[in-house]
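I am opening my notebook on a new structure today, and I want to write down each thing I look up together with what I find.

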Amino acid sequence: QVQLVESGGGLVQAGGSLRLSCTASIRTFSNYFMGWFRQAPGKEREFVAAIRWNGGVTDYGDSVKGRFTISRDNAKNTVYLQMNSLKPEDTAVYYCAARLYTSNQYLYWGQGTQVTVSS
């Protein structure tokens, strides 16, 4: 059973930083693309960032480019999301997700961690 556990969320003032972590109980973690998504109340889920299995390729949603950085440590089965210059509109529940490198579908999801940015 694959489990993804996020941590690192919290309350921060606008302009501040947070780093989210997601640890996966996956035997072959390096075979998975890892992604971060977020969902604010009353809004659809939004793509935030993704990273290829070897960390060589990353992708970001337009709203976070230049402010957020995704990285991974395959030795620790962990993916990170460094969030800088946070804005109130970044307030959401952030979810970690995993998809096998041969698939386009994210099959595994974490329970989410709340990020709240105050103005």
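Is phenylalanine 37 buried or exposed? Before answering I note that the model is predicted. I looked up the relative accessibility of phenylalanine 37 and found 10%, so I count this residue as buried, because buried means under 20%.

**Entry: aromatic rings**

I then searched the whole structure for aromatic pairs, and the search returned 5 of them. One of these pairs is formed by phenylalanine 37 and tryptophan 109, whose rings lie 5.0 Å apart, centre to centre, with 55° between their planes, and the pair is listed as tilted. I checked where the two residues sit along the chain: phenylalanine 37 belongs to strand β4 and tryptophan 109 to strand β10 (residues 108–109), so that the pair links distant parts of the chain, 72 residues apart. Tryptophan 109 has a relative accessible area of 30% and is therefore partly exposed, whereas phenylalanine 37 is buried.

I also asked myself which residues the ring pairs link into a cluster. The cluster consists of Phe37, Phe47, Tyr106 and Trp109. Two arginines lie over rings that I had just noted in this cluster: arginine 45 is over the face of phenylalanine 37, at 5.8 Å from the ring centre, and arginine 99 is over the face of tyrosine 106, at 5.5 Å from the ring centre.

**Entry: the disulfide**

How many disulfides does a search of the whole structure find? I found 1, and I remind myself that a disulfide is a covalent bond between the sulfur atoms of two cysteines. Here cysteine 22 is joined to cysteine 96, with 2.1 Å from S to S. The angle about the S-S bond is -75°, and the link is left-handed. Cysteine 22 is in strand β3 and cysteine 96 is in strand β9, 74 residues apart, and so I wrote this down as another link between distant parts of the chain. I looked up the accessibility of the two cysteines as well, and both are buried.

**Entry: strand β3 and its partners**

Since cysteine 22 lies in β3, I followed this strand further and found that it is mostly covered, with 5 of its 7 residues buried. Strand β1 (residues 4–7) pairs with β3 in the antiparallel sense over 4 bridges, and in β3 threonine 23 stands opposite valine 5. β3 also pairs with β8, again in the antiparallel sense, over 6 bridges, and here I noted arginine 19 opposite glutamine 82 of β8.

**Entry: the nonpolar core**

The largest nonpolar core holds 29 residues, and those with the most contacts inside it are Met34, Trp36, Leu81, Met83 and Tyr94. Among the elements that give two or more residues to this core I listed β3, β4, β8 and β9.

**Entry: positive phi values**

Last, I looked up two residues other than glycine that have a positive phi: asparagine 77, with a value near 55°, and serine 85, with a value near 50°. Asparagine 77 is found in the loop between β7 (68–73) and β8 (78–83), while serine 85 lies in the loop between β8 and β9 (92–100). Asparagine 77 counts as buried because its relative accessibility is 17%, and serine 85, with a relative accessible area of 41%, is partly exposed.

Technical notes: Residues numbered from 1 in each chain as written. Predicted model: local features only at pLDDT ≥ 70, side-chain atom pairs only at ≥ 80, totals over all residues. Heavy atoms only, no water. Buried < 20%, exposed > 50% of the residue type's maximum accessible area, 1.4 Å probe, protein only. Core = buried A, V, L, I, M, F, W, Y, C linked by side-chain atoms within 4.5 Å. Phe/Tyr/Trp six-rings, centres within 6.5 Å; stacked < 30°, edge-to-face > 60°. Lys NZ or Arg CZ within 6 Å of the ring centre and 35° of its normal. Disulfide = S-S within 2.5 Å. Pairing = 2+ DSSP bridges.
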